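Subject: The model, and what turned up in it

Hello,

Here is the structure I promised to pass on. Have a look at it first, and then read my notes below.

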Amino acid sequence: MKLIFKLFILVFLNSSFSFAQSIQQKKMAQLDFMVGEWVGTSKTYTNGKLTTEIPAFENISYDLDSSILVLQLNSESLLLHTIIYYDEKDKTFYYYPFSKRGVRPAPASFINGQLIVQSSETKRFVFGSTDDGGFREYGEILTNGKWVKYFQDDFTNTQ
């Protein structure tokens, strides 16, 4: 009888522990489409017209038992090390982009299969997958009440 009770307690504690983790793990798993070693192009736009196009490389992987997603972007114009984390208490993703100039955290939401980072009231970044299995990130700025794209990175997985 004592053995059955101990087994019950052990199973109960394990299921309670995994349940406590499951919310964050489930939320972070929504970002699986971002994981990979990516190669592609980074394009910038001015007034809706393509102004520059340069090669870009990005390595994205989970860390800390899948509790954070780490993005390492390298291009001629930008070196960025970003961490994305889901906070269960706030029920919000947080985006922490580290560059040579510092860090400026921002809240993010997962909507319709895309991670949308609201870096300010007038600037946002959108991360999503493409129909061909690629990965895309673009930035928009609110101009005269309309979201206008000012950059877009398109990637293909090298793995």
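What follows is a walk through the core, the spaces in the fold, the strand pairing and two loop residues.

Please keep in mind that this is a predicted model.

**The core and Phe-127**

A good place to start is the largest nonpolar core, which has 24 residues. Those with the most contacts inside it are Leu-31, Met-34, Ile-84 and Phe-127. Many strands take part: two or more residues each come from S2 (49–63), S3 (68–75), S4 (79–87), S5 (92–99), S7 (106–111), S8 (114–120), S9 and S11 (146–157). As a general point, nonpolar side chains in soluble globular proteins tend to be buried together.

Phe-127 is worth bringing up on your screen. You will find Phe-127 in strand S9, which covers residues 123–129. Is Phe-127 buried or exposed? Phe-127 counts as buried because its relative accessibility is 1%, and the cut-off for buried is under 20%. Leaving aside residues up to four places away in sequence, Phe-127 touches Phe-33, Met-34, Leu-71, Tyr-95, Gly-113, Gln-114, Leu-115, Val-117, Phe-135, Arg-136 and Glu-137. Ile-116 is 11 residues from Phe-127 in sequence, and their C-alpha atoms are 6.4 Å apart.

Met-34, another of the core residues named above, has its own set of contacts. With the same sequence neighbours left out, Met-34 touches Ile-60, Leu-69, Leu-71, Ile-84, Phe-127 and Phe-135.

**A cavity and a pocket**

There is one cavity of 30 Å³ or more, and the space in the largest cavity is about 30 Å³. Its lining consists of Glu-58, Leu-71, Leu-73, Leu-80, Thr-82, Tyr-95 and Glu-137. Strands S3 and S4 are the elements that give two or more residues to this lining. Sorted by class, the cavity lining has four nonpolar, one polar and two charged residues.

The largest pocket holds about 750 Å³ of space. Its lining has 27 residues, and Leu-78, Leu-80, Arg-101, Phe-125 and Tyr-150 lie nearest the centre. Two or more lining residues each come from S1, S2, S3, S5, S6 (102–103), S8, S9 and S11. By class, the pocket lining has 12 nonpolar, nine polar and six charged residues.

**How the strands pair**

Strand S11 has two pairings to look at. Strand S10 (residues 135–143) pairs with S11 in the antiparallel sense over nine bridges, and here Gly-139 stands opposite Phe-151. Strand S1 (residues 36–46) also pairs with S11 in the antiparallel sense, over seven bridges. In that pairing, Thr-41 has Asp-154 as its bridge partner in S11.

**Two asparagines with positive phi**

Most residues other than glycine have a negative phi. Which positive value does Asn-144 take for phi? Its phi is near 50°. Asn-144 lies in the loop between S10 and S11, a hairpin with two residues between the strands. Asn-144 counts as exposed because its relative accessibility is 81%, and the cut-off for exposed is over 50%.

Asn-47 also has a positive phi, near 55°. Asn-47 sits in the loop between S1 and S2, and at 76% relative accessibility Asn-47 counts as exposed.

Happy browsing, and write back with any questions.

Best wishes

How values were computed
Residues are numbered from 1 along each chain as its sequence is written. This is a predicted model: local features need pLDDT of at least 70, side-chain atom pairs count only at pLDDT 80 or more; totals for chains, interfaces and linings use all residues. Side-chain values use heavy atoms; hydrogens and water are left out. Helices (H or I, at least four residues) and strands (E, at least two) are DSSP runs, numbered from the N terminus. Buried means under 20% relative accessible area, exposed over 50%, partly exposed in between (1.4 Å probe, protein chains only). Contact means heavy atoms within 4.5 Å. A nonpolar core is a set of buried Ala, Val, Leu, Ile, Met, Phe, Trp, Tyr and Cys residues joined through side-chain atoms within 4.5 Å. On a 1 Å grid over the protein atoms alone, a cavity is a set of points where a 1.4 Å probe fits but cannot get out, and a pocket is an open set with protein on both sides within 12 Å along at least five of seven lines; lining residues have an atom within 4 Å of a point. Grid points are joined across faces, edges and corners, and a volume is the space filled by probe spheres set on the points. Ala, Val, Leu, Ile, Met, Phe, Trp, Tyr, Cys and Pro count as nonpolar, Asp, Glu, Lys and Arg as charged, and the others, Gly among them, as polar. Two strands pair if DSSP finds at least two bridges between them.
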